Amino acid sequence: MIEIIEKYFPNLTEEQKKQFEALDALYRDWNSKINVISRKDIDNLYEHHVLHSLAIAKAINFRPGTEILDFGCGGGFPGIPLAILFPECKFKLIDGTGKKIRVCNEVATAINLQNLKAEHLRGEDEKGKYDFVVSRAVMQLPDLMKIIKKNFKQKGQNALPNGLLCLKGGNLKEELKQYFKISEIIPLSTFFDEEWFSQDKQLVYVPA
């Protein structure tokens, strides 16, 4: 199951391997009660959700102590896979749908993920300060940046300046017009060679 993760992240500890392996049964179980991943996509959990989330880790190796907000986390992506990969960083996951937050917390508890907390909260109401905000295509980028600009710490501690790391699909020309000069777009096919990642999937970085 997790061979696809080990292919790109060969230095996982035994604990991390166990945590990644456990996600399959946990998400299948939760998905039967609450639809967190589309039913037809649950068989692609590791490629379309876990590895997709970990594309962020190919662009930046978060330093220990980095604080990350997952905005609109849904069932826990990209936050949960990233929290497994970076046990010395702190993750906060927020979503406006309480059921999805319950799934995040239950999954985190089941795999003993202690560097993550999930809260039922709208982005406008999140007051904390973070090094990075991560997200998977929750809304148009200009709208997202307006909401999260209050949540960035001034001082950075990573190789990449603090900012937004967002997984997106499709043509982003219009959406990124006002960030054209400062943003960076990386096609996910740069990181992963599976066919699915070559279908117009990208990672967008916008500095704070």
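**Group meeting: the core and strand β4**

The largest nonpolar core here has 59 residues, and those with the most contacts inside it are Ile 5, Leu 23, Tyr 27, Ile 80 and Leu 165; by such a core I mean a set of buried Ala, Val, Leu, Ile, Met, Phe, Trp, Tyr and Cys residues joined through side-chain atoms within 4.5 Å, where buried is under 20% relative accessible area, exposed over 50%, and partly exposed in between, with a 1.4 Å probe and protein chains only. Helix α3, residues 45-59, gives this core its largest share, 8 residues. Apart from it lies another core, of 19 residues, including Leu 144, Met 145, Ile 148 and Cys 166.

Please keep in mind that this is a predicted model, in which local features need pLDDT of at least 70 and side-chain atom pairs count only at pLDDT 80 or more, while totals for chains, interfaces and linings use all residues. Residues are numbered from 1 along each chain as its sequence is written, and side-chain values use heavy atoms, with hydrogens and water left out.

Now to strand β4, residues 132-136, which is largely enclosed by the rest of the structure because 4 of its 5 residues are buried; helices (H or I, at least four residues) and strands (E, at least two) are DSSP runs, numbered from the N terminus. Strand β1, residues 67-71, runs parallel to β4 and is joined to it by 3 bridges, two strands being paired if DSSP finds at least two bridges between them. On the β5 side, residues 163-169, the strands are again parallel, with 5 bridges. Val 134 is the bridge partner of Asp 70, and Val 134 also stands opposite Leu 165 in β5.
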